[in-house]
Amino acid sequence: MGNILSFVLEQPVKYKRILFLETELYKLSSMMYSGENVLVIESKTHEGCRILWNRVDLIQFQYLEWCIFETVVRKSITTQPAVLKQFEMFLNYINVEFSKVDSPPKTPEEMIAFINNLHDESVISKIPKNDVNLISQLKMYASSQLAEHWCNVGVENQSYSLNPE
């Protein structure tokens with residue numbers, strides 16, 4: 001990105017073309033267009049598909065890159081550990097509730113239904129109040145992973161298992 005920005009920011013020189021990157025799918029190069037240096041992103045799979053980025057576009061892209069980087073770092077440092085912690089808490093809650101059931105689930109699909117039928121408020125009450133609450137999202141988007149992980153841990157401990165049929 002630094003090489004690209006330094007080229008685009010320098011004084012335009014007629015017919016100075018630099019190839020930054022080329023793959024089997026696209027080509028990233030530079031050229032002069034309307035009196036200024038621009039970055040050219042060109043598809044090698046679709047004829048005539050080309051995007052020109054000027055100085056303003058590239059600076060905006062660099063700001064976007066920084067935002068994305070900061071977001072990824074924040075998610076990696078704060079959100080991921082919180083999700084994993086609550087995932088484990090949810091698994092412990094599933095263990096407790098599973099032991100109370102007269103007719104436990106016998107297939108992975110039944111286990112997913114069992115997890116989806118747990119009341120959010122009951123699970124949330126087991127989480128420390130100062131933590132971010134991610135239980136509803138875990139239930140909505142990760143019920144199959146919860147069921148799979150629960151079954152794998154159970155098979156290792158041989159205290160319970162589901163018949164995958």
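## Terms and model

Two strands count as paired if DSSP finds at least two bridges between them. Helices (H or I, at least four residues) and strands (E, at least two) are DSSP runs, numbered from the N terminus.

This is a predicted model, in which local features need pLDDT of at least 70 and side-chain atom pairs count only at pLDDT 80 or more, while totals for chains, interfaces and linings use all residues. Residues are numbered from 1 along each chain as its sequence is written, and side-chain values use heavy atoms, leaving out hydrogens and water.

## The chain overall

Let's start with the whole protein chain: it has five helices and four strands, arranged along the sequence as α-β-β-β-β-α-α-α-α.

Of its 165 residues, 28% are buried (under 20% relative accessible area, 1.4 Å probe, protein chains only). The accessible surface (Shrake-Rupley method, 1.4 Å probe) comes to about 11,300 Å², and carbon and sulfur atoms account for 56% of that surface.

## The sheet and its helix

Now to the sheet, which is open and antiparallel, with its four strands in the order β1-β2-β3-β4. Its edges are β1 (19-22) and β4 (50-53), each pairing on one side only. On average, neighbouring strands are turned by 25° against each other, direction ignored.

Three antiparallel bridges link β1 to strand β2 (residues 26-33), and Glu22 stands opposite Lys27 in β2. Helix α2 (residues 55-100) packs on the sheet, where it touches β3 (36-43) and β4 (contact means heavy atoms within 4.5 Å). The direction of α2 makes about 90° with that of β4; axes are lines fitted to C-alpha atoms, for helices over the stretch in contact, and angles run from 0 to 180 degrees between N-to-C directions.

Terms used. Buried means under 20% relative accessible area, exposed over 50%, partly exposed in between (1.4 Å probe, protein chains only).
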